[in-house]
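Colleague: Please take a close look at one sheet of this model, together with whatever packs on it, and set that part in its surroundings. I am explaining it to a first-year student, so please go slowly and connect one step to the next.

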Amino acid sequence: MPSLDPALRRGGRLQFERRVTFLALAAGFPAVVLCAVLLWYDDYSARVQWTVDLFLVLTWLGVAFNLKQRIVRPLQTLSNILAAIREGDYSIRGRRAAVGDALGEVMLEVNDLGQTLREQRLGALEATTLLRTVMAEIDVAVFAFDGLARLRLVNRAGERLLAQPATRLLGRTSAELGLAACLDREAGEGPHTMQMLFPGGVGRWDIRRSTFREGGAQHQLLVLTDLSQTLREEERIAWQRLLRVLGHELNNSLAPIKSVAGSLADLLGRQPRPADWGDDMQRGLEVISSRADSLARFVESYSKLTRLPQPRFEPLNIGALVRRVASLETRLPVNVVAGPEVLVNGDEVQLEQLLINLVRNAVDASLETRGSVGVGWAQNNGQVEVWIDDEGPGLANTANLFVPFFTTKAKGSGIGLVLSRQIAEAHGGTLTLENRRGLRGCEALLRLPL
């Protein structure tokens, strides 16, 4: 162990070697003494006795010290290999590693240990290199703080955000870096957004915080994502869609108004005027009035999207609500597939309007193909799922389903699905529409949390 005193470790090794030497000498000592005694009491000359005794002693000592070396040297080799492994050198291998031999099997295990540690070290180095490369390249600011709120790690995006190199940032506290507001939150709180100003950028930031341990000490990981560019892009797309729809609707109304107005101006400029000019004037004014009313309805529909009130949450029985909505449809029988009786917290008026819109759309589609309509509900993963199936022609264009004022119906307003999704999201749920797999028609799926 590195914490032991080197003198103690050296003393322990010498003590083991002394014991091995003593045991090896003790093993041959009785035989050597017995042979010497027998030689001296037998009728041999002194020269023969001394020669044989010397040979016995030298053989005895040679065997004893050779036995000591055969025991101690492999242990020293193992010690050197383990020391190299401890220092991170996994290239040294022990010789005479063979199966069926006690020492050889020990060598095999040590060699396998070195190979395993080498592979694990290479994997860790590759993973660390990949992590550092990813952290350096991603456009997300990453900071790691220790228990005293001192910065211990920052990536390249974090350096750009704080407009300073890592060498000047590391070791400074979160308060000095202007990040204290991001860390001073409860541990259980999830991601949140904040409007913040930094030396390297200003905007709205998505803030995520988590904890990890390094060396037994707890650290905090702070991740900042700039949402400004994403929000601007989404805003630009929303404006493009809105302007496209507004331009289409305004052109549909202004073009006939301009044409009729020009025709009436020409009619009034004629001399003499036709005998039925009064009837033409009347029809032209009716067209202008009709298109003006259409524009007024369009503006009113647009206002509905911005005036949706906040839901008033009350417990309601989803099964009773689905049955009541199904009974309101008189054009086509609606098949109700009953599910479990569950209660949800929601605004009954808004959810009823949502389901009425979906059932009405399903019936409109099924009337085109003389199909049927079915509704039902189920409980799944802490949610209640309400589904509406039709046997209509299906969805030809799913990209514009929730675009305001987009409609494929001759007399549709294009706001029913938009309002329905707004109601679903206001209740913490979702609304999706997709074609049925393997069957004709479409399925609308409303998910609400329990």
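Modeller: A contact, in what follows, means that heavy atoms lie within 4.5 Å of each other. With that in mind, residues 24 or more positions apart in the sequence account for 57% of the contacts in the protein that have a separation of 6 or more. Please keep in mind throughout that this is a predicted model. It holds twelve helices and twelve strands, and of its 450 residues, 32% count as buried. The protein exposes about 28600 Å², and carbon and sulfur atoms supply 56% of that area.

The part I would look at closely is an open sheet of five strands, whose order is β7-β9-β10-β12-β11 and whose pairing is mixed. Its edges are formed by β7, covering residues 334-337, and by β11, and each of these two pairs on one side only. From one strand to the next, the twist averages 15°.

Let us start at the β7 edge, where four bridges join β7 to strand β9, residues 373-380, and the two run parallel. Within this pair, V337 stands opposite G376 of β9. At the other edge the sense changes, for β11, residues 430-435, and β12, residues 442-449, run antiparallel and are joined by six bridges. T430, for example, has R447 in β12 as its bridge partner. β11 and β12 form a hairpin with six residues between the strands, and there G438 takes a positive phi near 75°. In general, strands of a sheet pair through backbone hydrogen bonds, in either the parallel or the antiparallel sense.

Now we can add the helices that lie against this sheet.

Helix α11, residues 348-369, packs on the sheet and touches β7, β9, β10, β11 and β12, while its direction makes about 25° with that of β10. This helix also leads us to the interior, where the largest nonpolar core has 34 residues, and those with the most contacts inside it are I318, L355, V386, I388 and L446. At least two residues of this core come from each of α10, α11, β9, β10, α12 (416-426), β11 and β12. The greatest contribution is that of α11, which gives eight residues. A single residue shows how such pieces meet: leaving aside residues up to four places away in sequence, L355 touches L321, V322, V325, V386, I388 and L446. A second core, separate from this one, has 19 residues, among them L161, L183, M196 and L224.

For contrast, consider the other open sheet of five strands, which has the order β2-β1-β5-β4-β3 and antiparallel pairing. Here β2 (151-154) and β3 (192-198) stand at the edges with a single partner strand each, so one side of each has no neighbour in the sheet. Ignoring direction, neighbouring strands of this sheet are turned by 35° against each other on average. Three bridges join β1, residues 141-145, to β2 in the antiparallel sense, and F145 stands opposite L151 of β2. In the loop between β1 and β2 we find A149, which has a positive phi of about 65° although it is not a glycine. A163 is a further case of a positive phi outside glycine, with a value near 60°, and its place is the loop between α4 (156-162) and α5 (166-169).

A smaller pairing shows clearly how side chains can be arranged along a strand. Strand β6, residues 314-317, pairs with β8 in the antiparallel sense over four bridges, and the bridge partner of E314 in β8 is G346. In a regular strand, side chains alternate between the two faces of the sheet. Along β8, residues 343-346, V344 and G346 point to one face and are buried, whereas L343 and N345 point to the other face and are not buried.

Finally, a word on cysteines, where the cut-offs for burial are needed. C182 counts as buried because its relative accessibility is 0%, and buried means under 20%. C35, by comparison, counts as partly exposed because its relative accessibility is 33%, which falls between 20% and the 50% above which a residue is called exposed. The count of disulfides in the model comes to zero.

Definitions and conventions: Residues are numbered from 1 along each chain as its sequence is written. This is a predicted model: local features need pLDDT of at least 70, side-chain atom pairs count only at pLDDT 80 or more; totals for chains, interfaces and linings use all residues. Side-chain values use heavy atoms; hydrogens and water are left out. Two strands pair if DSSP finds at least two bridges between them. Buried means under 20% relative accessible area, exposed over 50%, partly exposed in between (1.4 Å probe, protein chains only). Accessible areas come from the Shrake-Rupley method with a 1.4 Å probe; for residues, only the protein chains shown count as cover. Axes are lines fitted to C-alpha atoms, for helices over the stretch in contact, and angles run from 0 to 180 degrees between N-to-C directions. A nonpolar core is a set of buried Ala, Val, Leu, Ile, Met, Phe, Trp, Tyr and Cys residues joined through side-chain atoms within 4.5 Å. A disulfide is a pair of cysteine sulfur atoms within 2.5 Å.
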